[in-house]
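Subject: Handing over a structure

Hello,

I am passing a structure over to you, as promised. Please open it alongside this message, and then read on for what I found in it.

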Amino acid sequence: MNFLRFGLTAGVCIAGLLAKAQTKADVVSRPSAKMVNTFYVSNRGPLKPLALVPLPVGSVQPRGWVRRYLELQRDGLTGKLGTISAWLDKKGNAWYSGNGQGDHGWEEVPYWLKGYGDLGYILNDPAIIAETKDWLEKVFASQQPDGWFGPRLGADGSRELKGGTPDLWPNMIMLWCMQSYYDYGHDPRVLPFMKRYFQWELTVPENELLKTYWENSRGGDNLYSIYWLYNHTGETWLLGLAERIHRHTADWTQKDRLPNWHNVNIAQCFREPAEYYMQTGDSAMLQATYHDFAFIRQLYGQVPGGMFGADENARKGHTDAHQAVETCGMVEQMASDELLTGITGDVFWADNCEDVAFNTYPAAVMPDFKALRYLTAPNMVVSDSSNHAPGIANDGPFLMMNPFSSRCCQHNHSQGWPYYAEHLWMATPDNGVAAVLYSAGSVRARVGAGKGGMVVVSERTHYPFDEAVEFTVDSVKGGGLAFPLYLRVPGWCTDATVTVNGADVPVRAVAGSWLRLERKWVAGDRVELRLPMSFTTRQWAANKNSESVNYGPLTFSLKIAESYKEMDGRQAAQGDSHWQAGADVSAWPSYEIFPASLWNYGLLPGEPFTITRRPWPKDDFPWTPGAAPIVIEAKGKLIPEWMLDKNGLCGVLPQSPVKASGPVESIELVPMGAARLRISAFPTVE
């Protein structure tokens with residue numbers, strides 16, 4: 001027995017020494033872009049090279065809670081929206097007519113389709129893929145001899161345009177649908193289709209190009225598609241068009257000023273200067289994107305959750321944590337973060353993407369993904385059908401969970417989790433792969449020098465609820481293949497460690513960096529990354545010295561008992577909402593949510609937090625208060641004078657510290673993303 005123990009120990013030691021000897025480990029701030037990935041389409045010169053390269057849709061197969069979210073989307077609002085939304089009714093739809101004519105058809109179809117199609121590609125769902133193709137066939141058919149495609153509509157999508165230049169905004173979205181379709185199936189019609197359209201754009205008179213509000217704000221989406229086509233064809237005239245589109249797009253480079261204050265525009269359009277930086281190489285353009293991000297949060301984002309308060313538009317004097325943001329704004333912010341991670345390689349953007357994905361977006365949707373709400377706030381203690389204006393910027397029932405309402409978010413939500421899943425892994429310029437956003441699943445990619453070879457790497461983790469992430473090389477060419485594996489070290493993590501085949505890798509992982517592990521990888525190789533999580537509190541000095549509680553990437557909120565009241569959503573829908581006559585209301589309930597417990601607690605600073613770990617949910621869905629695998633006990637006191645305000649919203653935060661005479665109580669905190677009612681920015685008490 002002693003000899004056996006000695007033999008096993010010696011074997012482990014030898015394996016560890018071999019792993020250390022064979023693995024070259026480095027810490028890099030960003031993947032080097034001195035090389036160009038030879039397997040996947042990346043930026044052509046003279047465009048600045050990408051730091052991380054998107055993989056074709058379907059290369060990443062998520063598991064765990066991310067996959068569960070995709071399945072809920074498929075079986076819920078995303079997958080079935082075609083039976084509910086009047087905007088997706090094919091009868092009379094200008095997107096489905098094949099000639100661009102019809103009585104309805106603006107942004108809604110492409111908004112929905114770009115997430116719906118990618119959802120089908122990731123899940124390999126034949127019905128969704130076929131339905132996506134059915135819509136896109138009509139889009140192909142609608143292209144005119146001059147290159148235009150789709151409806152010729154005015155700026156609001158409500159009328160057919162008679163003469164003049166049509167609204168380009170809906171087509172910007174549809175081009176993204178075409179790109180995913182090409183990435184998945186390589187339909188040869190896509191490239192010439194886009195080429196003809198961009199040639200049409202060259203003919204638009206200067207005084208008519210991108211003149212209306214939405215297309216002018218969001219020209220960056222058009223710009224991105226031009227670069228996508230250039231990278232596939234190399235036709236240099238496209239760069240001239242890109243310069244023209246940038247010149248006519250709203251100026252997102254102004255110092256301490258934004259072109260407008262609409263939350264979706266900001267979340268979506270602040271990235272435009274960074275996109276144009278790829279063409280000019282002007283670092284001021286890149287810095288403008290960083291500045292816009294910081295500027296809006298300095299003014300209106302002194303709250304947890306990765307977003308900012310702009311319940312339609314950001315407004316002076318409305319900076320409290322009860323100000324909300326659209327579901328559209330959340331998913332557009334996530335998409336911006338994903339694109340900017342690729343452009344820059346900066347961990348900062350992936351960190352913010354996770355902040356929104358973990359702490360804000362899940363609470364905007366019902367757990368069964370059959371209803372969503374237009375607006376969600378960090379401090380939100382009621383979610384009802386009442387009109388809360390002028391507390392929020394718009395008149396109407398914007399806070400309740402309603403599948404029949406919110407014309408834009410009802411369709412645009414679809415991109416959130418599919419795009420997130422696609423960016424879990426990305427290729428690197430040196431023919432490696434990078435784990436960008438951690439989730440259980442696998443990636444299949446071509447890597448290595450020369451002709452390289454295919455590798456499949458699987459990932460096991462319950463992140464962000466667990467600090468361990470384990471990677472296994474499931475299959476690799478022949479007897480092994482040398483390539484670099486990049487692992488993101490989040491900015492919140494100061495003591496990350498990594499092992500290869502059980503042996504410690506002697507490298508000091510710096511917060512906000514990448515670990516680069518290069519070796520000849522063989523099937524069965526195992527890498528374990530540990531991202532130690534600890535409690536931190538963040539003080540929001542500009543928001544009454546309130547505090548938020550974090551554990552690793554998760555922010556925690558007061559657990560408020562949620563009382564759900566079912567309603568017929570058609571009776572409480574926004575004014576521009578329309579639904580199909582045959583929509584089954586019983587299958588698509590709407591809900592108001594009211595607090596069934598006290599919510600007006602302040603946090604007692606300096607008291608220790610106690611963490612309780614619970615079993616992982618059997619259905620792989622941890623985003624409800626009852627299923628959350630982590631809960632926290634904190635100490636606090638009631639603040640009786642902190643109540644609902646005159647508009648029915650959670651009252652403005654009192655200035656901290658608050659003198660509270662009541663007894664100290666134990667209060668339970670749950671992950672912010674799991675709480676549809678929540679206090680996430682706490683007053684402190686003494």
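Below are my notes, from the overall picture down to single residues.

**Overall picture**

Please keep in mind that this is a predicted model. The protein has 17 helices and 23 strands. Its radius of gyration is 25 Å, close to the 26 Å that the globule rule gives for 686 residues, so the protein is as compact as a globular protein of that length. If you want a sense of its extent, the C-alpha trace spans about 90 × 70 × 50 Å along the principal axes.

**The sheet of 7 strands**

A good place to begin is an open sheet of 7 strands, with antiparallel pairing and the order β2-β7-β8-β9-β14-β11-β12. Its edge strands are β2 (60–62) and β12, each of which pairs on one side only.

At the β2 edge, 3 bridges link β2 to β7 (residues 441–447) in the antiparallel sense. To find the register there, look for P62, which stands opposite G441 in β7.

Towards the other edge, β11 (residues 497–500) is joined to β14 (residues 526–530) by 4 bridges, again in the antiparallel sense. Here T497 stands opposite R530 in β14. β11 also runs antiparallel to β12 (residues 503–504), with 2 bridges between them, and T499 has D504 as its bridge partner in β12. β11 and β12 make a hairpin with 2 residues between them. In that turn, N501 has a positive phi of about 55 degrees.

**The sheet of 5 strands and its helix**

A second open sheet has 5 strands in the order β1-β13-β10-β6-β5, and its pairing is mixed. β1 (24–28) and β5 (425–427) are the edge strands, each pairing on one side only. From one strand to the next, the twist averages 25 degrees.

Within this sheet, β1 and β13 (residues 513–521) pair in the antiparallel sense through 5 bridges. The bridge partner of A25 in β13 is L517. Helix α15 (residues 347–359) packs on the sheet, where it touches β10 (481–489) and β13. The direction of α15 makes about 60 degrees with that of β10.

**Strands around β23**

Further along the chain, β23 (residues 665–671) is worth a look for its two pairings described here. With β17 (residues 554–558), β23 shares 3 bridges and runs antiparallel; L558 has L669 as its bridge partner in β23. With β22 (residues 630–638), β23 shares 5 bridges, also antiparallel, and G636 stands opposite E665 in β23.

The loop between β22 and β23 holds P657. The peptide bond from S656 to P657 is cis, with omega near 0 degrees.

**A helix pair**

Two packed helices are described by the angle between their axes and the distance between the axes. For α12 (residues 272–280) and α14 (residues 327–344), the axes come within 10 Å and cross at roughly 25 degrees. Angles under 35 degrees count as roughly parallel, and α12 and α14 are therefore roughly parallel to each other. Their crossing is left-handed.

Which residues make the contact between α12 and α14? From α12 they are A274, E275 and M278, and from α14 they are L339, L340 and I343. By class, this contact of α12 with α14 has 5 nonpolar, no polar and 1 charged residues.

**Backbone details in the loops**

Two more loop residues deserve a look while you have the model open. P390 is in the loop between β4 (375–376) and α16 (409–412), and the peptide bond that leads from A389 to P390 is cis, with omega near 5 degrees.

The other residue is L210, in the loop between α7 (190–203) and α8 (213–217). Phi of L210 is near 55 degrees, a positive value in a residue other than glycine.

If you would like a route through the model, you could start with the hairpin of β11 and β12, go on to α15 where it packs on the sheet, and finish at the left-handed crossing of α12 and α14.

Happy browsing, and best wishes

Technical notes. Residues are numbered from 1 along each chain as its sequence is written. This is a predicted model: local features need pLDDT of at least 70, side-chain atom pairs count only at pLDDT 80 or more; totals for chains, interfaces and linings use all residues. Side-chain values use heavy atoms; hydrogens and water are left out. Axes are lines fitted to C-alpha atoms, for helices over the stretch in contact, and angles run from 0 to 180 degrees between N-to-C directions. Angles under 35 degrees count as roughly parallel, over 145 as roughly antiparallel, 65 to 115 as roughly perpendicular and the rest as oblique. A crossing is left-handed if the near helix is turned anticlockwise from the far one by less than a right angle, and right-handed if clockwise. Contact means heavy atoms within 4.5 Å. Ala, Val, Leu, Ile, Met, Phe, Trp, Tyr, Cys and Pro count as nonpolar, Asp, Glu, Lys and Arg as charged, and the others, Gly among them, as polar. Two strands pair if DSSP finds at least two bridges between them. The radius of gyration is taken over C-alpha atoms; the globule rule is 2.2 Å times the number of residues to the power 0.38.
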